[in-house]
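Me: I would like to go through this structure with you and ask, for each label attached to it, what the label rests on. Please set the values against the cut-offs wherever a conclusion depends on them.

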Amino acid sequence: MNDDRRSLLRRLAVLSAGVGLAGCGSVTDPGPREDGTPTPTPTGESTRTTERSTPGQLANEWGFDDVVDLVDAGADPTGETPIDDVFEGAIGDETLLYLPPGTYRLEGSVAADDASRIGLVGDGATVVPPDGNDDVLFGFGWSEPIDAAFCRGLTFDFTAENTGGRPLLARANDAVLVEDVTVRGEADVEQDLVRVDVTGSGGSGMVRRLSLPDGAPGDTKVTGCEVGDSNRGDVSFVDCRIDGFPDNGLYANPPEGSVHVIGGRYRNNGIAGVRVEVADDAIVRGVHVRCDDATGAGENMRGIRLRAGHSVLVEDCVVEMLDVTSSDGGITFASELGGGTVRNCLIRVDADDVNGIRIKRAAGAESQRGPFVCDSITITGDASGGGAIQASDRTGLSFREMCIHQPGADRDGLHADYVDGEFVDSRVSVTGDAFVLTESRIERRNVTVADGTVDDDGDGSSCGAVDVGSDESIDA
């Protein structure tokens with residue numbers, strides 16, 4: 001691997017590990033993290049800013065030798081004449097392709113399998129597929145993974161009827177960067193809209209400010225963005241927006257490698273807004289998930305779903321379950337999950353009979369072991385019926401510094417079936433029973449139980465003031 005590639009991988013690794021985040025909402029400070037660093041208090045605004053670079057600067061930063069301005073090479077920026085031939089003629093190894101401002105029409109797929117490294121950058125550029133498109137537009141590493149793939153600053157116009165397919169597939173061994181990419185229009189072709197795979201075990205990927213705001217019809221099985229089954233490296237998603245997909249917003253299920261989801265907003269997705277299913281570690285931090293449309297995208301509208309893994313961390317997140325088709329819960333620990341921690345999060349549940357947290361029964365001995373930790377969680381909202389938390393057939397459960405205030409009718413606190421664990425330093429204020437235990441042993445220490453109809457603080461919540469932002473802040 002040459003020095004340019006080493007430098008790029010180091011840069012991606014730094015971005016993945018250290019991107020700044022303010023998070024969402026105002027919740028209890030849980031104190032320092034396990035490594036001694038302070039835990040940030042969520043505020044709802046990103047602290048990152050974007051530095052604009054010229055194509056030449058990007059080529060130097062990304063290690064490309066040449067830049068090809070595709071308009072200078074003959075591409076029509078008015079959208080009248082297809083530019084497929086110009087793309088095919090310009091693709092070359094160590095070459096960054098640049099699309100100036102304009103509208104560009106593609107009639108077919110552009111593959112970059114013959115170049116070991118490919119870069120595509122737009123500046124106010126919109127790419128329009130043919131009406132009825134159901135294919136991949138840009139396939140970087142389509143048939144075989146390439147070394148590195150980069151895409152920044154493009155909008156894909158999928159607004160034509162019966163138009164979908166996949167605007168971008170990126171599979172590379174060393175590095176993948178997808179940044180400031182937007183897809184407009186409802187996708188009605190049944191496949192994941194954007195797919196990213198880092199196929200080398202030492203590789204890194206970054207998907208930053210990917211915007212998929214228009215979703216897909218609820219009767220399809222379209223996924224917003226997926227980390228695919230050929231992934232072996234580490235992939236981060238930073239400040240993305242994915243709304244209205246019936247088969248998961250973000251579906252990160254690599255058989256190997258880690259996944260970090262940092263910041264971003266995920267709204268009205270079926271199955272889960274954010275789903276992580278990893279062999280290695282996963283972190284979901286500062287994410288805001290909101291489900292507020294029961295006519296929206298598909299069934300079982302979960303917020304964050306922890307599907308598999310043994311070292312999964314969710315922190316500084318806001319999950320709102322306001323109006324849903326159906327739902328297993330705001331944050332769910334799936335049966336296959338071997339261990340996970342959720343801390344410093346705010347969960348608001350207005351949808352009746354929906355759990356704020358659901359910990360499902362273990363699928364087998366491997367997923368039984370835990371630990372399963374919920375620390376410094378606020379569960380609020382007006383949901384009636386059911387319980388704020390439901391846990392089944394697990395050992396090693398720990399609920400610490402929980403604050404549950406749910407004034408809806410017949411709302412319970414914790415439902416535990418065949419569970420062994422602890423519930424400490426917490427407050428439960430519900431209209432039903434604080435604890436509903438079946439064949440369970442829950443050690444309780446320093447737990448305050450109150451009538452959920454009473455607002456002790458006079459501010460609308462016995463857990464103190466909570467602010468998850470307005471609808472406008474979600475749409476921004």
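## Labels and their grounds

Me: Before the details, what is the mean pLDDT of the chain?
Reply: The model is a predicted one, and the mean pLDDT of its chain is 84, with 82% of the residues reaching 70 or more. Among the elements, strand β12 (residues 211-212) has the highest mean pLDDT, 98, and helix α5 (residues 471-475) the lowest, 37. Over residues 456-461 the pLDDT is below 50, and this stretch has twelve contacts in the model beyond near neighbours in sequence. Over residues 465-476 the pLDDT is likewise below 50, and there the model has 24 contacts beyond near neighbours in sequence. Where pLDDT is low, the predicted coordinates should not be read in detail.

Me: How many helices and strands does the chain have, and what share of its residues counts as buried?
Reply: The chain has five helices and 33 strands, and 59% of its 476 residues count as buried. Of the contacts with a separation of 6 or more, 73% are between residues 24 or more positions apart. The chain exposes about 17400 Å², of which carbon and sulfur atoms supply 41%.

Me: Why is aspartate 328 called buried?
Reply: Its relative accessible area is 14%, and buried means under 20%, so aspartate 328 falls within that class. Aspartate 328 is found in the loop between β24 (318-323) and β25 (331-333).

Me: What makes the approach of the aspartate 328 side chain to the side chains of arginine 358 and lysine 360 a polar contact?
Reply: The distance to the side chain of arginine 358 is 3.4 Å and that to the side chain of lysine 360 is 2.7 Å, while the limit for a pair of N or O atoms is 3.5 Å, with one able to donate a hydrogen and the other to accept it. Both Arg358 and Lys360 also appear among the residues that aspartate 328 touches, along with Asn300, Arg302 and Asn355, residues up to four places away in sequence not being counted.

Me: Asparagine 300 is in that list of contacts; why does asparagine 300 count as buried?
Reply: Asparagine 300 has 17% relative accessibility, and since the class takes values under 20%, the residue counts as buried. Asparagine 300 lies in the loop between β21 (288-292) and β22 (304-308), and although it is not a glycine, it has a positive phi of about 55 degrees.

Me: Why is isoleucine 271 called partly exposed rather than buried?
Reply: At 22%, the relative accessible area of isoleucine 271 is not under 20% and not over 50%, so the label for values in between applies. Isoleucine 271 lies in the loop between β18 (265-267) and β19 (274-277), and it has a positive phi of about 65 degrees although it is not a glycine.

Me: What makes leucine 306 buried, and which residues is it in contact with?
Reply: The relative accessible area of leucine 306 is 0%, which is under 20% and therefore buried. Leucine 306 has its place in strand β22; leaving aside neighbours within four places in sequence, it is in contact with Val276, Val312, Val314, Thr332, Phe333, Ala334, Leu337 and Val342.

Me: Why is strand β7 described as largely enclosed?
Reply: Five of the five residues of β7 (residues 136-140) are buried, so the strand is largely enclosed by the rest of the structure.

Me: How do you know that β7 pairs with β5 and with β9?
Reply: Pairing requires at least two bridges; two bridges join β5 (residues 110-111) to β7, and four join β7 to β9 (residues 166-184), so both pairs qualify. The strands run parallel in the pair of β5 and β7 and also in that of β7 and β9. Glycine 139 of β7 is the bridge partner of alanine 111, and in β9 its bridge partner is leucine 169.

Me: Which residues of helix α2 are buried, and what puts them on the same side?
Reply: In α2 (residues 55-62), the buried residues are Leu58, Ala59 and Trp62. They cover an arc of only 100 degrees around the axis, which puts them on the same side of α2. The helix is followed by glycine 63, whose phi is positive, near 85 degrees.

Definitions and conventions: Residues numbered from 1 in each chain as written. Predicted model: local features only at pLDDT ≥ 70, side-chain atom pairs only at ≥ 80, totals over all residues. Heavy atoms only, no water. Buried < 20%, exposed > 50% of the residue type's maximum accessible area, 1.4 Å probe, protein only. Arc of directions from axis to C-beta. pLDDT = per-residue confidence, 0-100. Contact = heavy atoms within 4.5 Å. Areas by Shrake-Rupley, 256 points an atom, 1.4 Å probe, with all protein chains shown as cover.
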